[in-house]
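Reader: I am new to this structure and would like a close look at a single part of it. Please start with that part, and then work outward to the rest of the chain.

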Amino acid sequence: MKKKVILALLTLGIIPMLSGCNVLVLNPKGPVAATQSHVIKLSILVMALILLVVYVLFVWMLFKYRESKQDPNYKPPHIEGSKVLETIWITIPILIVAFLSIVTVQSTNKVEATPDSLKDKEPLVIYASSSNWKWHFSYPEENIETINYVNIPVNRPVEFKLFSHNTMTSFWVPQLAGQKYAMKNMVNTLHLAADTPGSYMGRNSNFNGKGFAEMEFEVLAMTDKDYDKWVDDVKKTADPLTEKELKKDLKDGHLGRKTYTGTQFDFIPKPSMHHADDGEESDHGDSETHEHDDSMESAS
């Protein structure tokens with residue numbers, strides 16, 4: 001009786017949490033997120049079918065082999081193991097794992113490259129770096145830097161080059177792509193694209209201290225016309241990023257949105273160590289990168 005009461009209380013506690021959940025990963029707004037959403041739904045379907053078969057067999061066995069009144073002297077017949085059944089329950093899990101493995105490998109290769117529908121377009125490269133519970137976005141192509149928000153054009157592939165100025169973080173925009181880690185002295189590339197204009201929330205999904213919960217940013221997907229207008233407005237109105245301002249931004253904790261002309265790479269080199277998937281060679285010496293990083297930290 002006590003177990004039933006505990007189970008009922010747990011169920012009542014879980015239902016409100018589930019009703020309030022907004023499963024953004026199942027509402028993709030780009031080709032990369034759509035691929036990942038498809039894999040998640042397929043995995044859920046496979047698991048649901050497995051559970052259905054298990055529950056049906058469980059109920060059937062309860063009724064078929066339930067205890068019945070037998071003669072006290074009754075002795076059940078001796079039954080040897082069934083090679084057919086043993087083969088079935090060994091083969092089926094192997095097939096399930098093999099199927100999900102193939103799907104996972106194919107989808108991983110797909111999301112680690114420019115979406116097929118956008119291969120004819122030049123990717124927009126944005127460096128996304130984290131520091132003390134905030135995100136810096138550097139646009140080398142436009143010579144712009146923003147903090148805690150990033151604007152991108154729709155229907156154009158975007159390559160985020162991820163790294164961190166201090167602790168390891170994880171860059172994640174659920175409706176546009178999966179998460180990938182940002183680490184010091186290393187660049188990871190995250191491919192994504194938006195096919196619908198709108199505002200999408202991103203966050204750090206790797207716990208890194210007291211400010212973790214508020215380490216969020218907005219990704220605003222805009223039409224080409226609106227994106228070009230935003231770039232022009234920034235170049236006309238934003239203050240230039242200075243080395244003093246960069247040091248202050250890196251040192252400070254939580255910040256609001258900021259916009260600059262110029263990028264942090266006017267004062268510090270880009271990280272020299274690249275992830276193997278990028279296929280790029282180091283363009284700066286390791287000692288040079290450490291030297292600049294240490295100098296920025298000591299100056300702070």
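**The largest pocket and its surroundings**

Author: The largest share of the lining of the largest pocket is given by α2, with seven residues. The model is a predicted one. The pocket has a volume of about 440 Å³. Its lining is made up of 13 residues, and those that lie nearest the centre are Val 53, Val 54, Leu 57, Trp 89 and Ile 92. Two elements give two or more residues to this lining: α2, which spans residues 31–64, and α3, which spans 83–111. Sorted by class, the lining has 13 nonpolar residues, no polar ones and no charged ones.

Next comes the rest of the chain. The protein chain has 300 residues, and 36% of them are buried. Its secondary structure amounts to six helices and twelve strands. Of the contacts with a separation of 6 or more, 66% are between residues 24 or more positions apart.

The largest nonpolar core holds 36 residues. In soluble globular proteins, nonpolar side chains tend to be buried together. Within this core, the members that touch the most other members are Ile 126, Phe 137, Val 150, Ile 152, Phe 160, Phe 171 and Trp 230. The strands that give two or more residues to the core are β1 (124–130), β2 (135–139), β4 (149–153), β5 (158–164), β8 (188–192) and β10 (216–222), and the helix α4 (224–237) does so as well. Phe 137 can serve as an example. Beyond its neighbours within four places in sequence, Phe 137 has contacts with Ile 126, Tyr 127, Ala 128, Ile 144, Glu 145, Thr 146, Asn 148, Tyr 149, Val 150, Phe 160, Phe 171 and Phe 217. There is a second core, separate from this one, with five residues, among them Ile 147, Leu 241, Leu 250 and Tyr 260.

Several single residues fill in the picture. Asn 151 sits in strand β4. Asn 151 counts as buried because its relative accessible area is 4%, where the limit is under 20%. Away from its neighbours within four places in sequence, Asn 151 is in contact with Ile 126, Tyr 139, Leu 220, Met 222, Tyr 227 and Trp 230. For one of these partners, Leu 220, the position along the chain is 69 residues from Asn 151, while the two C-alpha atoms are separated by 4.7 Å.

His 191 belongs to strand β8. With a relative accessibility of 11%, His 191 is buried. Once neighbours within four places in sequence are left aside, the contacts of His 191 are Val 32, Val 111, Glu 112, Ala 113, Thr 114, Val 158, Glu 159 and Ala 177.

Trp 172 is placed in strand β6, residues 169–172. Because its relative accessible area is 25%, Trp 172 falls in the partly exposed class, between the 20% and 50% limits. Not counting residues up to four places away in sequence, Trp 172 touches Val 25, Ala 177, Gly 178, Gln 179, Met 201, Gly 202, Arg 203, Ser 205 and Phe 217. Asn 206 is 34 residues from Trp 172 along the chain, and their C-alpha atoms are separated by 9.5 Å.

Two loop residues deserve a note on backbone geometry. Most residues other than glycine have a negative phi. Asn 155, which is not a glycine, has a positive phi of about 55°. Asn 155 is in the loop between β4 and β5, and is partly exposed, at 33% relative accessible area. Asn 185 is not a glycine either, and its phi is positive at about 60°. Asn 185 is in the loop between β7 (180–182) and β8. Asn 185 is buried, with a relative accessible area of 11%.

Last, a word on confidence. The chain averages a pLDDT of 86, and 83% of the residues score at least 70. In residues 17–21 the pLDDT is below 50, and this stretch has zero contacts in the model beyond near neighbours in sequence. In residues 275–295 the pLDDT is below 50 too, and that stretch has 33 contacts beyond near neighbours in sequence. Where pLDDT is low, the predicted coordinates should not be read in detail.

Conventions. Residues are numbered from 1 along each chain as its sequence is written. This is a predicted model: local features need pLDDT of at least 70, side-chain atom pairs count only at pLDDT 80 or more; totals for chains, interfaces and linings use all residues. Side-chain values use heavy atoms; hydrogens and water are left out. A nonpolar core is a set of buried Ala, Val, Leu, Ile, Met, Phe, Trp, Tyr and Cys residues joined through side-chain atoms within 4.5 Å. Buried means under 20% relative accessible area, exposed over 50%, partly exposed in between (1.4 Å probe, protein chains only). Helices (H or I, at least four residues) and strands (E, at least two) are DSSP runs, numbered from the N terminus. Contact means heavy atoms within 4.5 Å. On a 1 Å grid over the protein atoms alone, a cavity is a set of points where a 1.4 Å probe fits but cannot get out, and a pocket is an open set with protein on both sides within 12 Å along at least five of seven lines; lining residues have an atom within 4 Å of a point. Grid points are joined across faces, edges and corners, and a volume is the space filled by probe spheres set on the points. Ala, Val, Leu, Ile, Met, Phe, Trp, Tyr, Cys and Pro count as nonpolar, Asp, Glu, Lys and Arg as charged, and the others, Gly among them, as polar. pLDDT is the predictor's confidence in each residue, from 0 to 100.
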